[in-house]
Amino acid sequence: MTDTPINLDSLRQRIDELDSEILRLISARAECAKQVAEVKTASDPGAVFYRPEREAQVLRRIMELNPGPLNSEEMARLFREIMSACLALEQPTKVAYLGPEGTFTQQAALKHFGASAVSMPMAAIDEVFREVEAGAVNYGVVPVENSTEGVVSHTLDSFMDSSIHICGEVVLRIHHHLLVADTTLRDKVSRIYSHPQSLAQCRKWLDAHYPRAERVPVSSNAEAAKMIKGEWHSAAIAGDMAAKLYGLEKIAEKIEDRPDNSTRFLIIGSQHVPMSGEDKTSIVVAMRNQPGALHDLLEPFHRHQIDLTRLETRPSRTGVWNYVFFIDFKGHVDEPRVAAVLEEVRLRASELKVLGSYPVGVL
Ligand SMILES: O=C(O)C(=O)C[C@]1(C(=O)O)C=C[C@@H](O)C=C1
């Protein structure tokens, strides 16, 4: 125990000193990032500035080194923002996401790229793909699967006709709230708007609390939040971002039926991402329609002990009886054992497309 009593003034003085040090260090880091940009441009005039594998390594290292008392996720989020600002110094990053503003996809874009990226809402998933393909934006963010409701088939289908790569993934815990406007008569709510997936994710809660209210599916949660303005008998189910954006009040929080409800989003772009040390690969495979086709397809993964993380079947749009499989597995195409598996799969399949290898989501 020290003899000097700890008082508020001395603690604040210490905080000021530490802040000055943090300021100096962040500025030195930003200077470094500027030099990184110069090195990148000198070696390649068309250099890519955003490096998903490096960002994943930086964040993982911070989480490992974190001594507390802040938890590792919180600390990584702070560094996420520092890196986002450093990248913006190198080159402003433009990101298209499935809009409108206030959707969970926007929240995912923010979580993945940080607040310094410029994000632009698109009206549909294919528009996000088109903007990335046309080079109007650097990256896109689209939802791909929800833990309760399953796959977003539109996103998988979009990959079939596109040359776009997957550069990353981000998983977002989804919390739904029942929202009202200041004009809503709370005890007279007879209509509830939301995206069909969100209505499904809150089905039991709605059955218990609003069994007689009409459930109206709309194109997004943010759209639902926008619609209830001026309707005195309506409420919306949406997340925090939409609530804040449209100035709505939460009358019930976290109403999703499953507490672990989460959605996985993909970062799409046109770059090949090098290994980060903990990666995933996504492929799409078309198989001839013959007995044992699925077994033949999966056998090499089993033999090479490669972990599958997802297997999704979609009808092919080219032949009536053909199926395509979307497969995610642990590993990177630059690893010899993964290259070997892909070679075997290529021989057995009628078509194989590697959608991308990318770091496993860190945050
Ligand atoms: O290491 C790099 O390539 C950088 O550009 C630096 C940095 C960083 O701030 O750490 C910034 C952006 C990249 O996406 C990755 C990392």
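Reader: Which helix does Ile 26 lie in?
Author: This is a predicted model. Look at residues 8–43, a helical stretch. Ile 26 lies in that stretch, helix H1.

Reader: Is Ile 26 buried, partly exposed or exposed?
Author: Its relative accessibility is 35%. Buried means under 20%, and exposed means over 50%. The value falls in between, so Ile 26 counts as partly exposed.

Reader: Ile 26 helps make a nonpolar surface patch, so which residues make it with Ile 26, and what is its area?
Author: The partners of Ile 26 in the patch are Leu 18 and Ile 22. The patch has an area of about 230 Å².

Reader: In which sense do strands E1 and E2 pair?
Author: E1 covers residues 94–98, and E2 covers residues 118–122. They are joined over 5 bridges. In one of the pairs, Ala 96 stands opposite Met 120. The sense of the pairing is parallel.

Reader: What is the handedness of the β-α-β unit made by E1, H4 and E2?
Author: Helix H4 takes in residues 104–113. Together with strands E1 and E2, H4 makes the β-α-β unit. Its handedness is right-handed.

Reader: Which residues of strand E6 point the other way from His 177 and Leu 179?
Author: E6 runs over residues 177–180. His 177 and Leu 179 point one way, and all four residues are buried. Pointing the other way are Leu 178 and Val 180.

Reader: Leu 178 has a bridge partner in E9 and stands opposite a residue in E10, so which residues are these?
Author: E6 and E9 (residues 234–238) run antiparallel, joined by 3 bridges. E6 also pairs with E10 (residues 249–252) in the antiparallel sense, over 3 bridges. In E9 the partner of Leu 178 is Ile 237. In E10, Leu 178 stands opposite Ala 252.

Reader: Is Arg 310 buried or exposed?
Author: Arg 310 sits in strand E13, residues 308–315. Leaving aside neighbours within four places in sequence, its contacts include Glu 145, Arg 264 and Asp 328. Its relative accessibility is 10%, and the cut-off for buried is under 20%. Therefore Arg 310 counts as buried.

Reader: How many helices and strands does the protein have?
Author: Take the whole chain trace: it spans about 80 × 60 × 45 Å along its principal axes. Within the protein there are 12 helices and 15 strands.

Reader: What percentage of the residues in the protein is buried?
Author: The protein has 363 residues. Its accessible surface comes to about 19000 Å². The buried residues make up 46%.

Definitions and conventions:
Residues are numbered from 1 along each chain as its sequence is written. This is a predicted model: local features need pLDDT of at least 70, side-chain atom pairs count only at pLDDT 80 or more; totals for chains, interfaces and linings use all residues. Side-chain values use heavy atoms; hydrogens and water are left out. Patches are made of residues with over 30% relative accessible area and no salt bridge: like charges are joined within 9 Å, nonpolar side chains (Val, Leu, Ile, Met, Phe, Trp, Tyr) within 5 Å. Accessible areas come from the Shrake-Rupley method with a 1.4 Å probe; for residues, only the protein chains shown count as cover. A salt bridge is a side-chain nitrogen of Lys or Arg within 4 Å of a carboxyl oxygen of Asp or Glu. Helices (H or I, at least four residues) and strands (E, at least two) are DSSP runs, numbered from the N terminus. Buried means under 20% relative accessible area, exposed over 50%, partly exposed in between (1.4 Å probe, protein chains only). Two strands pair if DSSP finds at least two bridges between them. A crossover is right-handed if, with the strands pointing away from the viewer, the path from the first strand over the helix to the second runs clockwise. Contact means heavy atoms within 4.5 Å.
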